[in-house]
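Good morning, colleagues. I should like to take a few minutes on the ligand site of the structure now coming up on the screen.

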Amino acid sequence: MRIDIVSLFPEMFDGPLGHSIIKRACDAGLLSIGVVNPRDFAEGKHRIVDDTPFGGGSGMVMKPDPLFLAVESLTGEPAGRRRVILLCPGGNRLDQAKVRELAGYDHLVLVCGHYEGVDERVKEHLVDEAVSIGDYVLTGGELPAMVVTDAVARLIPGVLGAADAAEHDSFAAGLLEYPQYTRPREFRGWEVPEILVSGDHAKIARWRRKESLRRTLAVRPDLLDKIELEGLDAVLLREILAEREG
Ligand SMILES: NC[C@H]1CCC[C@@H](CNc2ccc(C(N)=O)cn2)C1
């Protein structure tokens with residue numbers, strides 16, 4: 001997969017994309033990431049990328065021309081499935097389903113906004129979709145672009161290594177993930193649940209599913225509305241509710 005990021009601050013990406021899993025994915029050729037600066041596409045000696053808003057108002061707005069030229073420099077050759085995304089607070093909410101959808105593309109172009117706004121013609125005629133990582137405003141779209149890159153990259157086959165590593169993530173099965181423990185078995189008097197050292201894999205799987213349901217019910221009951229709970233899940237949920245009563 002190829003991810004190109006359009007940002008006025010390319011150096012912001014050296015850290016997060018230059019380490020750990022993302023770096024390994026790039027070194028393994030599973031992912032390639034580029035960052036272009038729209039300022040390099042701005043005309044004139046001062047390479048202006050923003051200007052005051054028509055109609056008045058405070059703050060500056062990102063001009064359309066440098067952004068259009070920067071994106072068009074990346075979308076020349078017809079590359080399979082491509083999606084151009086603007087990161088902004090008013091975009092479609094990013095969730096794991098959206099991450100899975102974006103991971104299905106061959107080429108993502110992530111446009112990072114700045115200042116008080118981005119000229120509306122960028123959203124109307126240049127990008128395929130506006131995406132928000134949450135209901136809050138940041139100083140720029142760079143951190144959201146890193147979030148999207150990280151979340152999508154870990155779903156690329158081979159990036160996470162252990163085949164099912166992404167399967168038991170929170171939200172992967174629509175539920176929050178079960179609690180994880182590792183050595184030491186006893187730490188400051190706090191013991192690892194006995195069942196996890198029982199060696200009974202069926203019981204462990206049941207315990208994990210039940211804990212996922214218990215946590216999801218407690219923290220994100222809204223997620224339970226989205227999935228059909230049948231069979232064992234329904235049994236486990238009844239046990240959880242009975243335990244709450246008891
Ligand atoms: N009107 C402010 C707005 C103008 C256009 C550029 C953005 C950059 N900041 C962002 C970008 C994305 C998100 C998010 N939630 O994904 C939050 N903040 C700020």
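Strand E5, residues 82-93, supplies the largest share of the shell around the ligand, namely 3 residues. Please bear in mind that this is a predicted model. In total, 17 residues surround the ligand, and those that come nearest are Glu116, Ile133, Gly134, Tyr136 and Leu138. Sorted by class, the shell comprises 9 nonpolar, 7 polar and 1 charged residues.

I turn to the polar contacts. Which backbone atoms lie close to a nitrogen atom of the ligand? In Gly134, a backbone N or O atom is 2.8 Å from a ligand nitrogen. In Tyr136, a backbone N or O atom is 3.1 Å from a nitrogen atom of the ligand. Ser132 contributes through its side chain, where a polar atom lies 3.2 Å from a ligand nitrogen. As for cover, the ligand on its own has 460 Å² of accessible area, and the protein covers 88% of this.

Let me close with Leu138. This residue, among those nearest to the ligand, sits in the loop that runs between strand E8 (129-132) and helix H6 (142-153). Is Leu138 buried or exposed? The relative accessible area of Leu138 is 36%, so the residue counts as partly exposed, since that class lies between the limits of 20% and 50%. Leu138 also belongs to a nonpolar surface patch together with Met12, Tyr136 and Leu143. The accessible area of these four residues together is about 360 Å². Tyr136 thus appears twice in this account: in the patch and, through its backbone, beside a nitrogen atom of the ligand.

Key
Residues are numbered from 1 along each chain as its sequence is written. This is a predicted model: local features need pLDDT of at least 70, side-chain atom pairs count only at pLDDT 80 or more; totals for chains, interfaces and linings use all residues. Side-chain values use heavy atoms; hydrogens and water are left out. A residue is near a molecule or strand if one of its heavy atoms lies within 4 Å of it. A polar contact is a pair of N or O atoms within 3.5 Å; within protein, one must be able to donate a hydrogen and the other to accept it, and residues adjacent in sequence count only if both atoms are side-chain atoms. Accessible areas come from the Shrake-Rupley method with a 1.4 Å probe; for residues, only the protein chains shown count as cover. Helices (H or I, at least four residues) and strands (E, at least two) are DSSP runs, numbered from the N terminus. Ala, Val, Leu, Ile, Met, Phe, Trp, Tyr, Cys and Pro count as nonpolar, Asp, Glu, Lys and Arg as charged, and the others, Gly among them, as polar. Patches are made of residues with over 30% relative accessible area and no salt bridge: like charges are joined within 9 Å, nonpolar side chains (Val, Leu, Ile, Met, Phe, Trp, Tyr) within 5 Å. A salt bridge is a side-chain nitrogen of Lys or Arg within 4 Å of a carboxyl oxygen of Asp or Glu. Buried means under 20% relative accessible area, exposed over 50%, partly exposed in between (1.4 Å probe, protein chains only).
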